[in-house]
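Biologist: Could you take me through the charged side chains of this protein, with a close look at the salt bridges? I am new to this, so please go step by step.

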Amino acid sequence: MTEVLLYHHIQGLTDGVRSFADSLRQAGHTVHTPDLFDGRTFGSIEEGFGFARELGLDTIRERGVAAADELGPGLVYAGFSFGVTIAQRLAQTRPGARGALLMDSCLPVSEFGETWPEGVPVQIHGKEGDDFFDEDLPAARELAGSTAAAELFVYPGDQHLFADSSLDAYDPEAAALLMERVRAFLAAV
């Protein structure tokens, strides 16, 4: 099946992120979940950002790139929110990328190149009323409109990190639909 490198969000490698990865493993995929925070998780986005700023956002991102270096080409790069900053970078710049799953965030394609790489499929998922995703929605729409290889899924509601079953923001219905779409994506790449 497919090999996935999944980056956690700013609250760390939570039980919900682990559970998401386990669901993909149960479908037959190999999923790597590097812990960029060395075992630390945080009860809020603000606490997570505080830790990340203290450690250095670029330092954390480079840890993510180093995790990819250990695995080689042929990966689907996936991330939740902050993890998207690493996953999208790698999907756009690494030869051999098989795809990208951008959940709760999307950066302008211009952050990492002029265009989205040809032949690299991408799914973008987020909530329409999520303040964080709303900031990224123009970039997500631009990416989705720039290539037939992109799909944008916008869910009703305002929860950020809605697919993480260990957080209060968890939305079981939207998370189940996201998982269904992700599994279909991975089966096709």
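Modeller: Happy to! Let us begin with the term itself: a salt bridge is a side-chain nitrogen of Lys or Arg within 4 Å of a carboxyl oxygen of Asp or Glu. The idea behind the term is that side chains of opposite charge can pair when their charged atoms come close. Please keep in mind that you are looking at a predicted model. By the 4 Å rule, the count comes to six salt bridges, and we can visit some of them.

Start in helix H1, which covers residues 15-26. Here Asp22 is bridged to Arg25, and their closest N and O atoms are 2.6 Å apart. Why can these two be found about one helical turn from each other? Because they are three residues apart in helix H1. Asp22 has 38% relative accessibility, so it counts as partly exposed. Arg25 is also partly exposed, at 33%.

Now move along to helix H3, residues 57-69. Asp58 and Arg61 both belong to this helix, and again the spacing is three residues, about one turn. They form a salt bridge with 3.4 Å between the closest N and O atoms. Exposed means over 50% relative accessible area, so Asp58, at 56%, counts as exposed. Its partner Arg61 has a relative accessible area of 22%, which makes it partly exposed.

Helix H3 has another charged residue for us, Arg63. The side chain of Arg63 meets that of Asp38 in a salt bridge, with 3.2 Å from N to O. Asp38 sits in the loop between strand E2 (30-32) and helix H2 (45-55), so this pair ties together parts that are 25 residues apart in sequence. With a relative accessible area of 59%, Asp38 is exposed, whereas Arg63 is partly exposed at 28%.

Finally, let us look at charges that gather without such a partner. Glu128, Asp131, Asp134, Glu135 and Asp158 form a patch of negative charge on the surface. Residues in a patch like this have no salt bridge and over 30% relative accessible area. Take Glu135 as one of the group: it lies in helix H5, which spans residues 131-146. At 66% relative accessibility, Glu135 counts as exposed.

How values were computed:
Residues are numbered from 1 along each chain as its sequence is written. This is a predicted model: local features need pLDDT of at least 70, side-chain atom pairs count only at pLDDT 80 or more; totals for chains, interfaces and linings use all residues. Side-chain values use heavy atoms; hydrogens and water are left out. Patches are made of residues with over 30% relative accessible area and no salt bridge: like charges are joined within 9 Å, nonpolar side chains (Val, Leu, Ile, Met, Phe, Trp, Tyr) within 5 Å. Accessible areas come from the Shrake-Rupley method with a 1.4 Å probe; for residues, only the protein chains shown count as cover. Lys and Arg count as positive and Asp and Glu as negative; His and the chain ends are not counted. The place of a charge is taken as NZ of Lys, CZ of Arg, CG of Asp or CD of Glu. Helices (H or I, at least four residues) and strands (E, at least two) are DSSP runs, numbered from the N terminus. Buried means under 20% relative accessible area, exposed over 50%, partly exposed in between (1.4 Å probe, protein chains only).
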